[in-house]
Amino acid sequence: MLNTLLITGTDTGAGKTVVTTALAAYWRKYRPQSSLGIMKPIQSGEGDRETYQQLFTLNQSAEELTPLYFQAPLAPPIAAAKENRSIDLGLVWQTFLKLQQRNDLLLVESLGGLGSPITDELTVADLAGEWRLPTILVVPVKLGAIAQAVANVALARQAKINLRGIVLNCTQHLTEAEIADLTPSDLIESFTKIPVLGCLPFLKESNNLEQLATAGSSLDLEQLFFKM
């Protein structure tokens with residue numbers, strides 16, 4: 001069974017946080033005896049860490065949730081430079097190992113998209129490949145989504161990422177017909193050779209744990225967690 005999962009996206013705003021919270025809410029509801037960890041390795045500006053702290057009671061400190069935290073909502077190399085700080089990936093790695101070892105499932109939300117810079121030399125894709133992180137790609141349902149999915153899967157293959165699946169995410173209310181027109185699963189799978197695990201519906205209340213758990217249950221989690 002998979003015990004670590006990186007959630008990344010095609011770009012900023014793809015819906016990584018809502019997918020992560022949906023998976024976490026599902027895990028808490030249907031596997032209450034199993035331990036859960038959540039990690040946002042690097043955060044620039046307020047947002048995700050605060051969301052996770054509000055929604056979930058986690059057996060970890062704020063520093064373990066987000067080892068590197070910068071004030072400016074910018075790419076980490078730029079945000080770090082503004083504070084005269086360096087990006088200590090050694091600290092991130094050690095925190096990751098601790099959380100991985102003491103939890104049955106560790107969800108890791110990446111910053112930005114696969115091509116987003118972490119340092120002046122490394123992108124999210126580089127890190128995911130080097131750390132051998134099982135990964136899902138969040139693709140927002142919109143015009144151009146097919147091209148974004150194809151391009152990001154190509155980048156994932158170049159970085160030798162263990163890409164386990166694609167999750168479609170509705171960032172606004174859409175009908176099933178509109179979703180099928182904008183992000184046809186069979187066409188995306190045909191081009192990428194990566195399974196589409198489902199489509200997360202638009203959630204008006206992204207802080208409602210029951211709705212998040214229900215949304216998570218709509219995904220093919222058996223394919224994600226249990227098929228190696």
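Leaving aside neighbours within four places in sequence, with which residues is Ile42 in contact? In this predicted model, the contacts of Ile42 beyond that sequence window are Thr66, Leu68, Phe70, Pro76, Ile87, Leu89, Leu111 and Ile118.

Ile42 also belongs to the largest nonpolar core, which comprises 42 residues. Together with Ile87, Ile118 and Ile166, Ile42 ranks among the residues with the most contacts inside this core. Two or more core residues are contributed by each of several helices, namely helix 4 (76-82), helix 5 (89-102), helix 6 (124-130) and helix 7 (145-158). The strands that contribute on this scale are strand 4 (68-70), strand 5 (105-113), strand 6 (135-140) and strand 7 (163-169). A further core of 33 residues lies apart from the largest one, and its members include Ala14, Ala25, Ile136 and Leu212.

Strand 7 was examined with respect to burial and pairing. Of its 7 residues, 7 are buried, and the strand is thus described as mostly covered. On one side of the analysis stands its pairing with strand 6, which is parallel and extends over 6 bridges; here Leu168 of strand 7 is placed opposite Val139. Strand 6 and strand 7 also form, with helix 7, a β-α-β unit of right-handed sense. Strand 7 is further joined to strand 8 (residues 196-200) by 4 bridges, again in parallel orientation. In this pairing, Ile166 faces Val196 of strand 8. Ile166 is accordingly a residue listed for its contacts within the largest core and one that stands opposite a residue of strand 8.

Note on methods: Residues are numbered from 1 along each chain as its sequence is written. This is a predicted model: local features need pLDDT of at least 70, side-chain atom pairs count only at pLDDT 80 or more; totals for chains, interfaces and linings use all residues. Side-chain values use heavy atoms; hydrogens and water are left out. A nonpolar core is a set of buried Ala, Val, Leu, Ile, Met, Phe, Trp, Tyr and Cys residues joined through side-chain atoms within 4.5 Å. Buried means under 20% relative accessible area, exposed over 50%, partly exposed in between (1.4 Å probe, protein chains only). Contact means heavy atoms within 4.5 Å. Two strands pair if DSSP finds at least two bridges between them. A crossover is right-handed if, with the strands pointing away from the viewer, the path from the first strand over the helix to the second runs clockwise.
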